[in-house]
Amino acid sequence: MGNRTVSASTESPTAYGGVSDVPILLHARDEDEQVRSHPCILLVENSPTTLRLLSKPLSQRYTLLSANDGIDAWNLLQTHPEIELVITDILMPHLSGHELLVKIRASDDAQIRNLPVIVIAGAEDKDARDLAFHNGANDFVTKPIDSTELQARVRVHHKLARTIHQLELSRRQLTEQATTDPLTRLKNRRAFFQEGRQSLALSERSRTHLSVMLLDIDHFKRINDTYGHQAGDRVLTTIAELLGEMGRTVDTVARVGGEEFAIILPDTGREGAAVLAERIRAAVEQSVFDTGTEPVSLTVSIGVATFGTDSADSMDTLLKVADRRLYVAKKEGRNRICTRDQGDSTTWP
Ligand code: GH3
Ligand code: MG
Ligand code: MG
């Protein structure tokens, strides 16, 4: 370790990363603003001289952390998600730059796996460069370090990584928007069918049952007519919360129409779905809903269809069967569930 004072195990995140005479950790504990505006780079280098040469041109723009070898570096990556780029030497004790690169690219954590890594290699060392490229290095800087070249390469790769990150965030936001009901934050109709298709394929493969529950609020129009649309929205949101709380985590709850909700229940047969449907029906009946002016009571009707029991083999047909039974529940007086067709047996309970 020579005269290095690196101590990755130090509790304070600001307390490591120094060479004895070069304070390479630049951010002060209480200068949060500075920390935020200076992207964090991890330097993995066991030679104090090279570390100095690396840190000097970068220290104005970046917060620098340093590690003595690949093991130190790996530990820092686990505890410091703010690291946005890694610069690593190849020849180091314990865990080499190559091995570190392999570990980074194989990480389960996508943020670590996708970090830009710049490798420091000797100008003549073609084999080492080839291996580093093969292992997923983004770029190289050669010894002796040219500060202008180093700054340029770091800037390019950091910018590229940030852009890719932003694109990924936007993509996730768009997917979220496309599959989420904005009022209740439940999955929307489109997401219901997407999830449903996957769950159904799983059930087919594992030869298990799957039930679909379709729930419609009884006389919901009266809520809007009496208390206004906003009160209606509030009731819809409360029902959505209640449904989210009542199912299992594997169940998918979606808003599939104005005042209609559907739940996919994987690995659940008709009886199991009937029990949950009845619990939901009773819970709604016993709840009071805030309209902004006065509390109101509500009821719901529920239709259930079961893959493996009913003659329905797609999400579309399952939902149609559930809808048909929902209609029966309405016709028979509302505030009830229907899990089978007439002749099949009567409604339940
Ligand atoms: P039924 O018991 O037969 O289901 O009667 P209903 O009044 O619930 O059914 P109907 O289909 O006649 O009316 C549904 C109402 O739901 C009418 C519509 O204005 C209201 N609705 C649909 N989407 C929304 C929404 O996003 N917000 C609010 N507040 N109301 C909605
Ligand atoms: Mg309806
Ligand atoms: Mg209704």
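Which order do the strands of the open sheet with parallel pairing have?

## The parallel sheet

In this predicted model, an open sheet of 5 strands runs in the order 2-1-3-4-5, and its pairing is parallel. Strand 2 and strand 5 (139-143) are the edge strands, each of them pairing on one side only, and from one strand to the next the twist averages 25°. Strands of a sheet pair through backbone hydrogen bonds, in either a parallel or an antiparallel manner.

Strand 3 (residues 83-89) has 5 of its 7 residues buried, so this strand is largely enclosed by the rest of the structure. Strand 1 (residues 40-44) is joined to strand 3 by 5 bridges, the two running parallel; in this pairing Ile 41 has Leu 85 of strand 3 as its bridge partner, and Val 44 has Thr 88. Towards strand 4 (residues 117-122), strand 3 forms 4 bridges, again in a parallel arrangement, with Val 86 standing opposite Val 117 of strand 4.

## Helices against the parallel sheet

Helix 3 lies across strand 1, strand 2 and strand 3, and its direction is at about 160° to strand 1. The buried residues of helix 3 (residues 70-79) are Gly 70, Asp 72, Ala 73, Trp 74, Leu 76 and Leu 77, and these pack against strand 1, strand 2 (63-67) and strand 3, as well as against helix 4 (97-105) and helix 5 (110-113).

Helix 7 lies across strand 1, strand 3, strand 4 and strand 5, running at about 140° to strand 3. Helix 7 (residues 147-179) also packs with helix 2 (residues 48-58), at an angle of about 65° and with the two axes 9 Å apart, in a crossing that is right-handed. From helix 2, Leu 54, Lys 56, Pro 57 and Leu 58 meet Ser 147, Leu 150, Gln 151 and Val 154 of helix 7; by character, the residues of this contact divide into 5 nonpolar, 2 polar and 1 charged.

## The mixed sheet

Another open sheet is formed by 5 strands in the order 7-8-6-11-12, with mixed pairing. Strand 7 (252-257) and strand 12 (337-338) stand at its edges with a single partner strand each, so one side of each is left without a neighbour in the sheet. Strand 7 and strand 8 (residues 260-266) run antiparallel and are joined by 5 bridges, and Thr 252 is found opposite Ile 264 of strand 8.

## Two residues in their surroundings

Leu 200 belongs to helix 8 (residues 189-206) and counts as buried because it has 20 C-beta neighbours inside 10 Å. Neighbours within four places in sequence aside, Leu 200 is in contact with Leu 210, Phe 307 and Met 315. Leu 200 and Ile 264 are separated by 64 residues in sequence, while their C-alpha atoms are 9.4 Å apart in space.

Gly 269 is located in the loop between strand 8 and helix 11 (270-286), and it counts as partly exposed because 16 C-beta neighbours lie inside 10 Å. When residues up to four places away in sequence are not counted, Gly 269 touches His 209, Ser 211, Thr 306 and Thr 309. Of these contacts, the one with Thr 306 spans 37 residues in sequence, with a C-alpha to C-alpha distance of 6.3 Å.

## The shell around ligand 1

Ligand 1 is surrounded by 16 residues, of which Asp 218, Phe 220, Lys 221, Gly 232 and Gly 258 are the closest. Strand 6 (210-217), helix 9 (220-227) and helix 10 (229-246) each supply at least two residues of this shell, and helix 10 gives the most, with 4 residues. In terms of side-chain class, the shell around ligand 1 comprises 4 nonpolar, 5 polar and 7 charged residues.

## The chain as a whole

The secondary structure of the protein chain amounts to 12 helices and 12 strands, and buried residues make up 35% of its 349 residues. Among the contacts in the protein chain with a separation of 6 or more, 62% are between residues that lie 24 or more positions apart.

How values were computed: Residues are numbered from 1 along each chain as its sequence is written. Chains are lettered from A and ligands numbered from 1 in the order in which they are written. This is a predicted model: local features need pLDDT of at least 70, side-chain atom pairs count only at pLDDT 80 or more; totals for chains, interfaces and linings use all residues. A residue is buried if 20 or more other C-beta atoms lie within 10 Å of its own, exposed if 12 or fewer, and partly exposed in between; C-beta atoms are placed from the backbone. Two residues are in contact if their C-beta atoms, placed from the backbone, lie within 7 Å. A residue is near a molecule or strand if its C-beta atom, placed from the backbone, lies within 6 Å of it. Ala, Val, Leu, Ile, Met, Phe, Trp, Tyr, Cys and Pro count as nonpolar, Asp, Glu, Lys and Arg as charged, and the others, Gly among them, as polar. Two strands pair if DSSP finds at least two bridges between them. Axes are lines fitted to C-alpha atoms, for helices over the stretch in contact, and angles run from 0 to 180 degrees between N-to-C directions. A crossing is left-handed if the near helix is turned anticlockwise from the far one by less than a right angle, and right-handed if clockwise.
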